[in-house]
Amino acid sequence: MAFLWAYAKPLLTAKAKTAKTEQSRQLWTLAEQVAEAAVNTMASRNMSGADKYAKAVDMVQTTLAKSGHHIAPEDAEAVVQSAYEKSGVADKQKSTDDVNNTQPVLNK
């Protein structure tokens with residue numbers, strides 16, 4: 001019996017770690033999807049960037065909490081920042097901000 005336990009315990013431990021890793025991966029994927037939706041929702045709002053960011057972070061945490069999942073505030077911030085960067089909203093904003101900062105092209 002001790003031999004069987006010595007063989008089975010590492011397998012059970014590995015299986016538990018794998019299950020926990022998969023569960024974490026699924027939670028992170030869900031958090032990314034919620035963050036993308038939050039960023040897209042906030043993009044058109046007439047608010048400051050800081051307020052949009054804070055609201056998006058709050059939306060991520062609230063939505064996940066309603067489904068029984070909790071993530072640390074810094075994780076919610078990271079996933080919102082990542083969604084913001086992936087969304088292209090930053091590039092669109094930058095291109096409109098740069099309209100008045102263009103330098104003329106000099107031909108010599």
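Two residues are taken to be in contact when heavy atoms of theirs lie within 4.5 Å. In this predicted model, contacts between residues at least 6 apart in sequence include 59% that join residues at least 24 apart. The chain that makes these contacts has four helices and zero strands, so that, read along the sequence, its pattern is α-α-α-α. Of its 108 residues, 15% count as buried, and of its accessible surface, about 8400 Å², carbon and sulfur atoms account for 56%.

One residue from the second helix shows how distant parts of the sequence are brought together. Leu64 is found in helix α2, which covers residues 49-66, and it counts as buried because its relative accessibility is 1%, where the cut-off for burial is under 20%. Leaving aside residues up to four places away in sequence, Leu64 touches Leu27, Leu30, Ala31, Val34, His69 and Ile71. With Ala31, the separation is 33 residues in sequence, while the C-alpha atoms of Leu64 and Ala31 are 7.2 Å apart in space.

Helix α3, residues 73-87, can be followed from its length to its two sides. Its 15 residues, at 1.5 Å a residue, should span 21 Å, and the C-alpha atoms at its ends are indeed 21 Å apart, which agrees. The buried residues of α3 are Ala76, Val79, Val80 and Ala83; seen down the helix axis, these buried residues fall within an arc of 100°, and therefore they line one face of the helix. The face turned away from that buried side carries the exposed residues Glu74 and Glu85. After α3 comes Gly88, whose phi is positive, near 85°.

Conventions:
Residues are numbered from 1 along each chain as its sequence is written. This is a predicted model: local features need pLDDT of at least 70, side-chain atom pairs count only at pLDDT 80 or more; totals for chains, interfaces and linings use all residues. Side-chain values use heavy atoms; hydrogens and water are left out. Buried means under 20% relative accessible area, exposed over 50%, partly exposed in between (1.4 Å probe, protein chains only). The expected span of a helix is 1.5 Å times one less than its number of residues. The arc is that of the directions from the helix axis to the C-beta atoms. Accessible areas come from the Shrake-Rupley method with a 1.4 Å probe; for residues, only the protein chains shown count as cover.
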